[in-house]
Amino acid sequence: MPDPSSWLAETATATAAGGHVRTEDGGLSSALASPLAPHCTGLTPEQLLAAAFASCLHHAAVEAAGEITDEAHTVEVTAAAKLGRDDDGRYRADVHAEISSAGLTREQLADLVAHADRLWPFTSGDNSRHRLTVTPAENGRH
């Protein structure tokens, strides 16, 4: 466990109840899909995972881009998430994320992706119950 002084100062809190999820500060508030009411519309767990990974990786990629280019504002992350079930019924997540940034060479983009992938506690190297693949976006995607 890291030294408590190494933790970032902010703690985020979100609550999911009654078919709705919201952050404590109200920055995110959305209806949720529910296994109890399959006819209801709202965000699915896959959508929330994709959004969370895209957000975290975007933060990491912008941080990493600051060391590579002055165009950090052009960083874009697209994440796709799907869930599966193990034989014992536990969920398993598979997330694929692509990072792009205008004006970078393929080598610079590959460096950016590798750096961003290493920053978060869920990385491509961790295959516990989730798989994360982070790659540069194809040319022309941005």
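In the predicted model, Val21 touches Thr15, Ala16, Leu28, Ser29, Ser30 and Leu32, when residues up to four places away in sequence are set aside. Val21 belongs to strand β2. Its relative accessible area is 9%, and Val21 is therefore buried, the cut-off for this class being under 20%. Leu43 follows 22 residues away along the chain, and the C-alpha atoms of Val21 and Leu43 are separated by 9.1 Å. A separation of 22 Å is found between the C-alpha atoms of Val21 and Asp94, which are 73 residues apart along the chain.

Asp94 is part of strand β5. Its relative accessibility is 17%, so this residue also falls under the 20% limit and counts as buried. Beyond residues up to four places away in sequence, Asp94 is in contact with Ala80, Ala81, Lys82 and Arg131. Strand β4 comprises residues 76–85 and strand β6 residues 130–136.

The protein as a whole contains 2 helices and 6 strands. Read from the N terminus, these elements follow the order β-β-β-α-β-β-α-β. Along the principal axes, the C-alpha atoms occupy a box of roughly 50 × 35 × 30 Å. Of the 142 residues, 29% are buried. Among contacts with a separation of 6 or more, 49% join residues that are 24 or more positions apart. The accessible surface amounts to about 9300 Å², and carbon and sulfur atoms account for 55% of this area.

Helix α1 covers residues 45–65, a run of 21 residues. The expected span, at 1.5 Å a residue, is 30 Å, and the C-alpha atoms at the two ends lie 29 Å apart, so the computed separation agrees with the expected one. The buried residues of α1 are Ala50, Phe53, Ala54, Cys56, Leu57, Ala60, Ala61, Ala64 and Ala65. The elements covering these buried residues include the strands β4, β5 (91–100) and β6, together with helix α2 (106–119).

The loop between α1 and β4 contains both Glu67 and Ala72, and the two residues fall into separate accessibility classes. Glu67 has a relative accessible area of 62% and is therefore exposed, since the exposed class begins over 50%. Leu48 lies 19 residues from Glu67 in sequence, and the C-alpha atoms of the pair are 29 Å apart in space. Ala72, by contrast, counts as buried because its relative accessibility is 16%, which is under the 20% cut-off. With residues up to four places away in sequence left out, Ala72 touches Val62, Ala65 and Gly66. One of these partners, Ala65, is itself among the buried residues of α1. Ala72 and Ala102 are 30 residues apart in sequence, with a C-alpha to C-alpha distance of 8.8 Å.

Pocket analysis was applied to the same model. The largest pocket encloses about 500 Å³ of space. Its lining consists of 16 residues, and those closest to the pocket centre are Ala12, Ala14, Thr23, Leu28 and Ala52. Leu28 is also one of the residues in contact with Val21. Strands β1 (14–17) and β2 (20–23) and helix α1 each provide at least two lining residues. Helix α1 contributes the largest share, with 4 residues. By class, the lining is made up of 11 nonpolar residues, 4 polar residues and 1 charged residue.

The second largest pocket has a volume of about 430 Å³. Its lining comprises 14 residues, with Trp7, Leu8, Leu119, Trp120 and Pro121 nearest the centre. Here, too, the largest share comes from α1, which supplies 5 residues. The lining of the second largest pocket divides into 9 nonpolar, 3 polar and 2 charged residues. Helix α1 thus provides the largest share of the lining in the largest pocket and in the second largest pocket.

Methods
Residues numbered from 1 in each chain as written. Predicted model: local features only at pLDDT ≥ 70, side-chain atom pairs only at ≥ 80, totals over all residues. Heavy atoms only, no water. Expected span 1.5 Å × (residues − 1). Buried < 20%, exposed > 50% of the residue type's maximum accessible area, 1.4 Å probe, protein only. Contact = heavy atoms within 4.5 Å. 1 Å grid on protein atoms, 1.4 Å probe; cavity = no way out; pocket = protein on both sides within 12 Å on 5 of 7 lines; lining within 4 Å. Points joined across faces, edges and corners; volume = space filled by probe spheres on them. Nonpolar A, V, L, I, M, F, W, Y, C, P; charged D, E, K, R; others polar. Areas by Shrake-Rupley, 256 points an atom, 1.4 Å probe, with all protein chains shown as cover.
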